[in-house]
Amino acid sequence: MNDTHKVYIETYGCQMNLSDTEIVSSIIKKSGLNLTEKPDDADVILLNTCSVRDNAERKIHERLIHLKQYKKKNKELVVGILGCMAERMRNKLIEEKKIVDLVVGPDEYRKVPSLIENAFTGEKGIAVKLSRVETYDDIEPLRTEGIFAWVSIMRGCDKFCTYCVVPFTRGRERSRPLRSIVNELEKLYNNGFREVTLLGQNVNSYKDTDGGFDFPDLLRESAKAVPNMRIRYTTSHPYDMSDKLIETMAEYKNICKYIHLPVQSGSDRILKLMNRNYSVEHYLGRIRKIRELMPECSLSTDIISGFPTETEEEHKQTLDLMKEVQYDGAYMFKYSARDNTKAYSMEDDVPDEVKTRRLQEIIDLQNNISRELNRLEIGKQHEILVEGPSKKNSEKWQGRTDTNKVLIFEKNGHIINTGDLIKVVVKSSTSATLFGEIL
Ligand code: 5AD
Ligand code: SF4
């Protein structure tokens with residue numbers, strides 16, 4: 001392999017993809033190729049893609065049109081598609097997009113270097129087999145410097161929510177061994193990392209079959225092994241948000257009191273059509289348990305507006321549920337029909353303008369709730385993990401509360417470094433941000 005070749009990777013979509021890019025980067029570096037941060041310098045451009053909604057895929061199509069210019073300038077340039085869209089579209093991408101040289105699905109990243117090598121000789125390549133065992137457990141992700149790290153603990157999803165492509169693009173659920181994950185956390189702490197997010201499409205289903213450990217076991221062992229590391233996790237499924245998990249979270253100070261618990265809809269009928277396997281009552285029961293054991297815990301969710309056959313009344317039930325739960329934040333989407341999924345065969349019968357209007361009502365309500373909850377933060381004290389200069393205003397610094405809220409503060413002559421834990425008091429707030437002073 002020509003070790004002067006440089007590879008540039010662009011990442012789209014969820015945190016799992018960001019984490020996968022670190023794995024691919026590690027595989028590429030080990031093979032002797034170099035990585036670059038600049039697409040202009042690259043001999044290989046890889047797009048790590050998302051398929052979850054139509055507009056995510058549209059973005060990639062637009063980017064590919066843009067990349068034609070790069071290929072005009074450099075005829076030898078290799079362009080590759082990785083990730084969910086590679087898995088979903090397979091050789092269609094090579095057939096329809098002349099510019100694409102390689103297509104690699106989420107379970108075939110070990111083949112990326114050899115496929116790149118072949119592409120340099122003009123051979124187009126595709127690797128999209130899904131695996132029941134691949135977890136990349138032995139590969140140490142190539143992380144960028146910092147204090148935050150993602151740690152992928154499992155891959156795939158067996159839930160088959162009827163709207164979702166993930167079970168088709170990422171395959172069956174499989175978990176890494178507990179011991180290996182805990183060792184990785186210890187290593188990360190020793191290398192200066194101060195916060196980790198354990199990642200999986202559905203972490204509550206984590207299972208170390210050899211050791212007989214479940215997700216609460218993993219959280220407990222992690223919390224004990226790195227007591228000065230903040231530990232977060234995402235994403236949870238309400239169906240298996242067990243008492244044991246909530247109790248474990250409550251027990252350890254370094255497990256952050258923040259839960260992302262996607263509800264998707266406030267209507268039992270729609271939840272059934274979505275194959276979510278829980279009722280609104282079950283969901284609210286989980287919220288009550290969380291609040292009972294961790295009154296300070298913050299919550300966020302995912303909501304889909306305009307699922308097939310959703311009525312106005314059912315949309316209102318979603319708004320009612322949001323009012324009842326009082327989420328600190330939410331990711332809100334218009335339903336997007338995805339080929340291959342069960343919901344694809346249902347008629348996508350909610351007109352786009354109705355979906356848009358319902359989505360706007362959901363967003364407006366959420367903004368009001370977030371603003372009000374953040375207003376109630378004024379006067380409260382928090383311990384924040386310092387991230388560094390604020391993204392919007394480099395005069396100021398920013399950190400994050402245990403409850404995952406961004407807090408902006410001034411250093412005011414204090415000597416403060418990235419990675420410090422400091423005490424602050426909240427002085428003002430908006431729906432998205434807290435502003436505070438060092439205590
Ligand atoms: N349309 C709209 N939103 C979707 N999501 C997943 N699939 C779809 C779809 N087809 C949302 C869900 C999920 C989040 C990651 O993306 O809310 O929780
Ligand atoms: Fe998709 Fe449902 Fe699995 Fe989440 S739990 S990845 S929404 S199928």
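Mentor: Let's start with what the labels mean: helices (H or I, at least four residues) and strands (E, at least two) are DSSP runs, numbered from the N terminus. Keep in mind that this model is predicted.

Trainee: Got it. Where is Gln-326 found?

Mentor: Look at its backbone: Gln-326 isn't a glycine, yet its phi is positive, about 60°. Its relative accessibility is 29%, and partly exposed covers the range between 20% and 50%, so that's the class it gets. As for its place, Gln-326 sits in the loop between α12 (312-325) and β16.

Trainee: How many helices and strands are there in the protein chain?

Mentor: Before the count, here's the frame they sit in: the C-alpha atoms fill a box of roughly 65 × 55 × 50 Å along the principal axes. Within the protein chain you'll find 13 helices and 21 strands.

Trainee: What radius of gyration does the protein chain have?

Mentor: Start from the chain length, 439 residues, for which a compact globule would come out near 22 Å. The model agrees with that expectation, because the radius of gyration of the protein chain is 22 Å.

Trainee: What percentage of the residues of the protein chain count as buried?

Mentor: The cut-off is a relative accessible area under 20%. Of the 439 residues, the share that counts as buried is 55%.

Trainee: How many Å separate the centres of domain 1 and domain 3?

Mentor: The chain is divided into domain 1 (6-127), domain 2 (148-375) and domain 3 (381-438). Taken over C-alpha atoms, the centres of domain 1 and domain 3 are separated by 37 Å.

Trainee: On to the ligands. Which side chain has an N or O atom 2.6 Å from an oxygen atom of ligand 1?

Mentor: The residues around ligand 1 are Val-52, Arg-53, Tyr-163, Gln-264, Asp-302, Ile-304, Phe-333, Lys-334, Tyr-335, Ser-336 and Arg-338. By class they split into five nonpolar, two polar and four charged. The 2.6 Å pair with the ligand's oxygen belongs to the side chain of Asp-302.

Trainee: And what percentage of the area that ligand 1 exposes when taken alone does the protein bury?

Mentor: Two backbone approaches to ligand nitrogen are worth finding on screen: a polar backbone atom of Tyr-163 at 3.0 Å, and one of Ser-336 at 2.7 Å. Taken alone, ligand 1 exposes 400 Å², and the share of that buried by the protein is 85%.

Trainee: Which elements give two or more residues to the shell around ligand 1?

Mentor: Check the shell list against the strand bounds: it includes Asp-302 and Ile-304, plus Phe-333 and Lys-334. The elements giving two or more residues are β15 (298-305) and β16 (329-334).

Trainee: How many residues of each class does the shell around ligand 2 have?

Mentor: Its neighbours are Cys-157, Lys-159, Phe-160, Cys-161, Tyr-163, Cys-164, Val-166, Pro-167, Gln-201, His-237 and Arg-276. Tyr and Cys count as nonpolar here. That shell divides into seven nonpolar, two polar and two charged residues.

Trainee: Is Asp-107 buried or exposed?

Mentor: You'll find Asp-107 in the loop between β5 (102-104) and α5 (112-120). Its side chain reaches the backbone nitrogen of Ser-131 at 2.7 Å. The relative accessible area is 6%, under the 20% cut-off, so Asp-107 is buried.

Trainee: Which residue has a side chain joined to that of Ser-205 by a polar contact of 2.7 Å?

Mentor: Ser-205 lies in the loop between β10 (195-199) and β11 (207-208). With 17% relative accessibility, Ser-205 counts as buried. The partner in the 2.7 Å side-chain contact is Asn-202.

Trainee: What is the omega of the cis peptide bond between Thr-234 and Thr-235?

Mentor: To locate the bond, note that Thr-235 is in the loop between β13 (230-234) and α9 (243-251). The cis bond joining Thr-234 to Thr-235 has an omega of about 5°.

Trainee: What is the phi of Tyr-136 near?

Mentor: Tyr-136 belongs to the loop between β6 (125-127) and β7 (148-152). With a relative accessible area of 2%, Tyr-136 is buried. Its phi is positive in a residue other than glycine, near 55°.

Notes:
Residues numbered from 1 in each chain as written. Chains lettered and ligands numbered in written order. Predicted model: local features only at pLDDT ≥ 70, side-chain atom pairs only at ≥ 80, totals over all residues. Heavy atoms only, no water. Near = heavy atom within 4 Å. Polar contact = N/O pair within 3.5 Å; in protein donor to acceptor, adjacent residues only side chain to side chain. Areas by Shrake-Rupley, 256 points an atom, 1.4 Å probe, with all protein chains shown as cover. Domains from an automatic or database assignment. Rg over C-alpha atoms; globule rule 2.2 N^0.38 Å. Buried < 20%, exposed > 50% of the residue type's maximum accessible area, 1.4 Å probe, protein only.
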